[in-house]
Amino acid sequence: MSDIVLKLSGIVKSFPGVLANDHVDFTLKRGEVHALLGENGAGKTTLMNITYGIYKPDEGEIYVNDKRVEITSPHRAMEYGIGMIQQHFSLVPSFSVAENIALGLKESKILPKIDLVRKKVKTLAERFGLDVNPDSRIWQLSAGEQQRVEILKLLYMSAQIMILDEPTAILTPQEAANLFKTIKEMVKYGASVIFISHKLKEVLEISDRITVMRHGKVIDTLQKEEANERILAKKMVGREVVLKISKKPPKPREIELEVKDLWARGDKGPYAVRGVSLDVKSGEILGIAGVAGNGQRELAESIYGLRKYTGEVKIGGEMMHSLGVVSRMKSGVAYIPQDRKGVALCGGLPLYYNLFLKKPFRIPEFYLNPYLFNSSRLKKPSEQLVDEYLISASSLNLEVKYLSGGTMQKVVLARELSLNPKLIIAVHPTRGLDVGATEFVYKTLLKARDNGAAILLIAGDLEEIFTLSDRVAVLYEGEIVGYSKPDESHLEEIGLMMAGVRRVKK
Amino acid sequence: MRLKIEKRHENASTFSVLLMSILSVVVSLVILGFIILSLGKNPIEAYIQLVSWPLGTIAGLTQTLISMMPLLFTSLGLVIAFKMKLWNIGAEGQFYMGAFGATWGALFLFNHISNPWIMLPLLALLGAGIGAGWGALAGVMKAQLGVNEILSTLMLNYVAIYWVNYLVYGPWKGAGSYNFPITATFPKSAILPQYTANGINLGIFLAIATSFFVYYLLRWTRFGFEIDIAGDNPKAAEYAGVNVKKMVIIVMIVSGALSGLGGMMQMSGVLFRLQPNFSPGYGYTAIIIALLARLNPFVTVAVAFLFGGLIVGTQQIQLFLQIPFSLVNAFQGLLLFSFVAGEALLHYKLRWVRA
Ligand SMILES: Nc1ncnc2c1ncn2[C@@H]1O[C@H](COP(=O)(O)OP(=O)(O)OP(=O)(O)O)[C@@H](O)[C@H]1O
Ligand SMILES: [Mg+2]
């Protein structure tokens, strides 16, 4: 038996208007972690969807353990030991963890006894360090926990080839470190892993080999030893990328956002934001650091008027009411929410609709007659945005759900940042973006700041916070536990505050 | 070997959508043929009657247009609701309430008005208004209490139908009706302009005009834009500043108003007096029409016309071949089934796998 478990040869896949995979060759060795790298829309997900039987390739062959195979469905892929965790999960929210795993098995034979499943899940979870309770319901779990369930599902079905599509995009650094431990453990048991990520550091840390794709083609496959961040970035984008952004000193002016003693409940009932007070001036970026799930989302939603709160929110000196998105929009607030696909996009509507989801009637300078409005009038300005924000889509009519994961993010960014907002609430603004796009977003946010926008940046990634912020506040269990300077030398202090160990009283 | 269902990940083309619609009609016709055969009749003869009379003769064509009218009003109302993924199956009830409103106005509220140009708009407003209220009831329950609109609209249908029954069997029973459950005839001023002796009336043209109005509403207004957004992803709609709850209520109002208007037109244009079961289920047929037309208002006109023909054609074979009218319902049921099956095939594929 050779040590090549999976071989893709000459894979071609085109969608109307794009060649997503252009004669791609790819091999995966037994027991290796093979990273797949590439810009947004490079064709990584498409290639993996082909391997997992979701798409049928136009041309090309797939070999598993040197045997030519036809993978016509995910079910068939499982038979060959191929499992995949997709960019967007597919769990049933109202079912328990064990039930969801059992559900994944229904295709193979008769439904197994749920007790047996629970037992096996427990042992698997222990062995691979995947901490979840088999009896919790999916809706009660954080994104990181849901991902662990997906991994357990694959382990349960004893997948030998695991495809992880941007698994770390939704994880906290801590969770990501745990995932890496799990991956190493799985490899020890003989599994092989294909790992997609935009974070070069991670890729260099976890993988043995790295394949870079651009515009549907494989550019190169490197050994980890031959690679570094600069080389990879250059191969991906085709030019030198500045990974360190230089920023001018801030020129803060008047207070744009003022929050006083804000209390808001989370979805499960108890208060998630507990008496937060903060202010952000025009021309500065306030970074909010914190482990995910400490009230970040609820804070952002309250300020944007999507969540009920008590306390005060003043924008541009004007008192806002709890619940009232329109008044925020009129005051020039842009909001980039955490869950772009679920909250900020209409997947079934064309790209040009989504670029103007809220612009046409709400924003004074873009006013269109609401009784003589044809959506085709949005096409021209859409073209501009597509060019400016480098959105790779074959057509303006393409439904947004068919865009690549990173491109969806860009659609939201383009819409929000093109309004010349006075206040920007950005939650994980670069999640899922490639290095080039990340650089672009950083530059755009800094430019907006220099032009006088106030920016509230919520991110889990401390590096991002350090790169952009002028001040850092740390959120822990719904409270701001202290402020710090955005500087590596304060890393430990911030880390302790994020863990709730230390409080700085103001 | 075993049959397996798999999701398709690519969008269905316009061609396959069209093919699927035609196919579902053909499949139901074939099954209908077998039913007719089992009744001991010749299905070919039945098919010929079914098509030749309603589409091939002036009298039949007239009847087809007349039965298209209520179908068109109700299905256009549903197109708007369905666009927002509000499954209003209460067109029947809203239609009944519209007819009730028109009768109330014509016989009791405004019976002293003799100028039709004052009377008719008043009746239209009243019919549409009461239909709208009936729709709003379900809309408010959905928006405020989260009551599933499928259930509430279905229940409200029965309430409306029994309300009309109560009136015509009881307080509104007409003087000259020989104790039949039927109201008095509408006064002249409450009758829509009739253009031929056999019943071509203004309502038919207004129904067609309404399709342009619905097209305008959906394609050329902010309202239509927001329906698209809220229908696709209510959360994103809230995020974009659309008040989804308000939209639910407004859409149910507009949807109910169109069905109610249909009820008024049916009274003032065709029947002139209220009686029990005056609708052979127009509001239910409208569901199939709106879906078959894929929520396009102009295609809806064509499909409503064909269904009008179907009703007339079945009456014809009932007469000539002694086949029961319930076949229309059977055929519509078959259509709905094959349409739903076809819809599933557009999104899923069937495949044989080794066991
Ligand atoms: N079902 C589809 N219909 C039409 N176009 C599609 C479809 N799926 C993918 N595409 C297009 O194929 C191209 C490659 O997309 P893919 O999702 O593979 O990118 P990716 O490398 O995974 O990007 P990202 O890093 O942003 O996730 C994109 O231009 C995308 O719009
Ligand atoms: Mg992808």
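Start with the enclosed spaces, where the count comes to four cavities of 30 Å³ or more; a cavity here is a set of points, on a 1 Å grid over the protein atoms alone, where a 1.4 Å probe fits but cannot get out, and a volume is the space filled by probe spheres set on the points, which are joined across faces, edges and corners. This is a predicted model, in which local features need pLDDT of at least 70 and side-chain atom pairs count only at pLDDT 80 or more, while totals for chains, interfaces and linings use all residues. Residues are numbered from 1 along each chain as its sequence is written, chains are lettered from A and ligands numbered from 1 in the order in which they are written, and side-chain values use heavy atoms, with hydrogens and water left out.

Select next the lining of the largest cavity, whose volume is about 80 Å³. Its lining residues, which have an atom within 4 Å of a point, include G129(A), L130(A), Q147(A), R148(A), E175(A) and N178(A). Helices α5 (143-156) and α6 of chain A each supply at least two residues of this lining, helices being DSSP runs of H or I with at least four residues, numbered from the N terminus. By class the lining has four nonpolar, five polar and two charged residues, where Ala, Val, Leu, Ile, Met, Phe, Trp, Tyr, Cys and Pro count as nonpolar, Asp, Glu, Lys and Arg as charged, and the others, Gly among them, as polar.

Now colour chain A by its two parts, domain 1 (4-237) and domain 2 (255-498), with bounds that come from an automatic or database domain assignment. Their centres, taken over C-alpha atoms, are separated by 30 Å, and 22 residues of domain 1 are in contact (heavy atoms within 4.5 Å) with 21 residues of domain 2. Between these domains about 1400 Å² is buried, of which carbon and sulfur atoms give 56%; buried area is the accessible area (1.4 Å probe) that two parts lose on being put together, summed over both. One salt bridge is counted between the two domains, the term meaning a side-chain nitrogen of Lys or Arg within 4 Å of a carboxyl oxygen of Asp or Glu.

Show the side chains of K201(A) and E463(A), which meet in a salt bridge at 3.2 Å, N to O. E463(A) is also among the residues that lie nearest the centre of the second largest pocket, as are K199(A), E202(A), D461(A) and E464(A), in a lining of 47 residues. A pocket is an open set of points with protein on both sides within 12 Å along at least five of seven lines, and this one holds about 1400 Å³ of space. Its lining draws at least three residues from each domain of chain A, and the largest share, six residues, comes from α6(A). The lining divides into 20 nonpolar, 13 polar and 14 charged residues.

For another pair, select R137(A) and E99(A), a salt bridge whose closest N and O atoms are 3.5 Å apart. R137(A) lies in the loop between α4 (114-127) and α5 of chain A and E99(A) in helix α3 (residues 97-105), so the pair ties together parts that are 38 residues apart in sequence.

Finally, bring up chain B, where 26 residues from chain B and 43 residues from chain A take part in the contact. About 2900 Å² is buried between the two chains, with 51% from carbon and sulfur atoms. On the chain B side, select R222(B), F225(B) and Y239(B), which lose the most area to chain A, together 28% of what that side buries. How many salt bridges does the rule find across the interface of chain B and chain A? The rule finds zero there, whereas the structure holds 29 over all chains.
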